[in-house]
Amino acid sequence: MLSLIFILITILSLVFFYLGTGRNRRVLFLSVILLILTGVLAYSGFFENTETKPPRFLLVIFSGILMATYFYKVVRKDCLNYSMLLAVHILRIPVELVLYQLFLRKLIPELMTFTGYNFDILVGISALIVFVYLLITRNKLPRLFMILWNSVGILFLTTIVVIAILSSPLPIQQFAFNQANIALLKFPYIYLPSYIVPIVYLSHILSIRNEIS
């Protein structure tokens, strides 16, 4: 059941981001291709082999960076739907709830959850509040507020990304040796580092680009 919930979260992240980019077909096509390829590799256990050099998990990181960079270049500012980009951040709430369940199942360390050092759920809750506010009032929030909110969101996300990487069974592991981060090497949780995290980063960056340009 938890796996199905996370697959649904991944699909929603794709749908929200696709709508947020003004239904950009290149975003949709490349997203589906990458999700299928990553899913097949993860399902086969490809990323769970941590003995290879360089670590196979680097493929996940680099592909996510390349994907986000490409999307940044092809997505037009005048096509963006900022309500849908905000909806992407709301998904951080169920993501954090799934991570907590993975901790209870001893698949990730506690420091990666909201009871540890992961405060990302606060960004999700605030995104929900902002989303409802904009929906009800139809008012535009001040530019400075949006820049600061997105900047804080990037900071919180970066914090947990660093913790997750340093808690993984890789040569650079520094934390959680008793209960390493092994879930994110498996299907479907591989979608968190390979797709959801890059999309969340990009949703912040696109919003900031709009406010400062």
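The following paragraphs lead through the cores, the pockets and one loop residue of this structure, which is a predicted model.

The nonpolar interior is a suitable starting point. The largest nonpolar core holds 49 residues, and those touching the most other members are Phe 6, Phe 17, Leu 102 and Leu 192. At least two residues of this core come from each of helix 1 (2-20), helix 2 (25-43), helix 3, helix 4, helix 5, helix 7 and helix 8. Helix 8 is the greatest contributor, with 9 residues. In soluble globular proteins, nonpolar side chains tend to be buried together.

Phe 17 illustrates the contacts of one core member. With residues up to four places away in sequence left out, Phe 17 touches Val 27, Phe 71, Leu 85, Val 88, Ile 199, Leu 202, Ser 203 and Leu 206. A second core, separate from the largest, comprises 9 residues, among them Val 123, Val 130, Leu 141 and Met 146.

Attention now turns to the open spaces. The largest pocket has a volume of about 560 Å³. Its lining consists of 34 residues, and Val 161, Pro 193, Val 197, Pro 198 and Tyr 201 are the closest to the pocket centre. Two or more lining residues are given by each of helix 3 (57-74), helix 5 (92-104), helix 7 (143-166) and helix 8 (191-212). Helix 8 provides the largest share of this lining, 9 residues. By residue class, the lining of the largest pocket contains 25 nonpolar, 6 polar and 3 charged residues.

The second largest pocket encloses about 410 Å³ of space. Among its 19 lining residues, Tyr 82, Ser 83, Leu 86, Leu 134 and Met 146 lie nearest the centre. Met 146 is thus named here as well as in the second core. The elements giving two or more residues to the lining of the second largest pocket are helix 4 (82-90), helix 6 (120-137), helix 7 and helix 8. Here the largest share, 5 residues, belongs to helix 4. The lining of the second largest pocket divides into 10 nonpolar, 6 polar and 3 charged residues.

Finally, the loop between helix 7 and helix 8 contains Pro 171. Is Pro 171 buried or exposed? Pro 171 counts as exposed because its relative accessibility is 64%, and the exposed class begins over 50%. Between the C-alpha atoms of Pro 171 and Leu 111 the distance in space is 19 Å, and the two residues are 60 residues apart in sequence.

Notes. Residues are numbered from 1 along each chain as its sequence is written. This is a predicted model: local features need pLDDT of at least 70, side-chain atom pairs count only at pLDDT 80 or more; totals for chains, interfaces and linings use all residues. Side-chain values use heavy atoms; hydrogens and water are left out. On a 1 Å grid over the protein atoms alone, a cavity is a set of points where a 1.4 Å probe fits but cannot get out, and a pocket is an open set with protein on both sides within 12 Å along at least five of seven lines; lining residues have an atom within 4 Å of a point. Grid points are joined across faces, edges and corners, and a volume is the space filled by probe spheres set on the points. Helices (H or I, at least four residues) and strands (E, at least two) are DSSP runs, numbered from the N terminus. Ala, Val, Leu, Ile, Met, Phe, Trp, Tyr, Cys and Pro count as nonpolar, Asp, Glu, Lys and Arg as charged, and the others, Gly among them, as polar. Buried means under 20% relative accessible area, exposed over 50%, partly exposed in between (1.4 Å probe, protein chains only). A nonpolar core is a set of buried Ala, Val, Leu, Ile, Met, Phe, Trp, Tyr and Cys residues joined through side-chain atoms within 4.5 Å. Contact means heavy atoms within 4.5 Å.
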